[in-house]
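Here is my note on the model you sent. The points are numbered so that you can reply to each in turn.

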Amino acid sequence: MSPVRFHDPGLSYYNFADSALVRCPRCDRVAHYERHTRPEARVVCRSCGLCRTANCCCRPPLWLQSETRHGEIWAYNLEHLDLIRRFVAAELRERDPWYEHGRKMTAVGRLPAWIKSAKNRTEVLRAIDRMRASVIAG
């Protein structure tokens, strides 16, 4: 059986930062933060109906955060969380060669060493699955 492979798509944190899942300032449940709306960023909550403009440099706290015994794991949104999960779950991780043009420090490349370590794989995957379940549960 061949190992599970992951090829780094070359995405950076900026690809995920425009749309994030955050804590609602009013009801403390899942809200959606949109930075790509101009002229200002917006926080929208489906639970309490909050729709408020926000300062671009003052985003509410992220919803997708989890503490482990090694440190904190966080993600902007479910796509970012899925990228991290696919990377951690893979036994074979591939990147473009160092001499190729393009970004060298991608979102996956900037992950801490303890997340990349195979000995912490089960603990990190368990934390990621808890974060995904918290979005569904609300």
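Which residues have the most contacts inside the largest nonpolar core?

1. Core. This is a predicted model. Its largest nonpolar core has 37 residues, and those with the most contacts inside it are Tyr33, Leu64, Ile73, Val88, Ile115 and Val124. Strands E2 (19-23), E3 (30-34) and E4 (41-44) each give two or more residues to this core, as do helices H1 (78-89), H2 (113-116) and H3 (121-137).

2. Overall layout. The protein chain contains three helices and eight strands. Their order along the sequence is β-β-β-β-β-β-β-α-β-α-α. Of the 138 residues, 38% count as buried. Taking contacts between residues at least 6 apart in sequence, 58% join residues at least 24 apart.

3. Surface. The exposed area of the protein chain is about 8,600 Å². Carbon and sulfur atoms supply 51% of that area.

4. Largest pocket. The space in the largest pocket comes to about 230 Å³. Eleven residues line the pocket, and Leu21, Val30, Ala31, His32 and Arg46 lie nearest its centre. E3 gives the most to the lining, with three residues. By class, the lining has six nonpolar, three polar and two charged residues.

5. Asp28. This residue is found in the loop between E2 and E3. The phi angle of Asp28 is near 60°, a positive value in a residue other than glycine. Most residues other than glycine have a negative phi. Is Asp28 buried or exposed? Asp28 counts as partly exposed because its relative accessible area is 48%, and the range for that class runs from 20% to 50%.

6. Val135. Helix H3 holds Val135. Which residues does Val135 contact, leaving aside its neighbours within four places in sequence? They are Leu21, Trp63, Leu64 and Leu78. With Trp63, the separation along the chain is 72 residues, and the C-alpha atoms are 8.1 Å apart. Another of these contacts, Leu64, is among the residues with the most contacts inside the largest nonpolar core, and Leu21 is among the residues nearest the centre of the largest pocket.

7. Arg132. This residue also lies in helix H3. Not counting residues up to four places away in sequence, Arg132 touches Leu78, Leu81 and Asp82. Leu81 is 51 residues from Arg132 along the chain, with 7.9 Å between the two C-alpha atoms. Arg132 has a relative accessibility of 28%, so the residue counts as partly exposed. Leu78 appears in the contacts of Arg132 and in those of Val135.

8. Arg59. Where is Arg59 placed? Arg59 sits in the loop between strand E5 (51-54) and strand E6 (65-67). Apart from residues up to four places away in sequence, Arg59 touches Ala20, Val22, Tyr33 and Tyr76. One of these, Tyr33, is listed with the residues that have the most contacts inside the largest nonpolar core. The C-alpha atoms of Arg59 and Arg35 are separated by 9.2 Å, with their positions 24 residues apart along the chain. Arg59 is partly exposed because its relative accessible area is 33%, where buried would require a value under 20%.

Key:
Residues are numbered from 1 along each chain as its sequence is written. This is a predicted model: local features need pLDDT of at least 70, side-chain atom pairs count only at pLDDT 80 or more; totals for chains, interfaces and linings use all residues. Side-chain values use heavy atoms; hydrogens and water are left out. Helices (H or I, at least four residues) and strands (E, at least two) are DSSP runs, numbered from the N terminus. Buried means under 20% relative accessible area, exposed over 50%, partly exposed in between (1.4 Å probe, protein chains only). Contact means heavy atoms within 4.5 Å. Accessible areas come from the Shrake-Rupley method with a 1.4 Å probe; for residues, only the protein chains shown count as cover. A nonpolar core is a set of buried Ala, Val, Leu, Ile, Met, Phe, Trp, Tyr and Cys residues joined through side-chain atoms within 4.5 Å. On a 1 Å grid over the protein atoms alone, a cavity is a set of points where a 1.4 Å probe fits but cannot get out, and a pocket is an open set with protein on both sides within 12 Å along at least five of seven lines; lining residues have an atom within 4 Å of a point. Grid points are joined across faces, edges and corners, and a volume is the space filled by probe spheres set on the points. Ala, Val, Leu, Ile, Met, Phe, Trp, Tyr, Cys and Pro count as nonpolar, Asp, Glu, Lys and Arg as charged, and the others, Gly among them, as polar.
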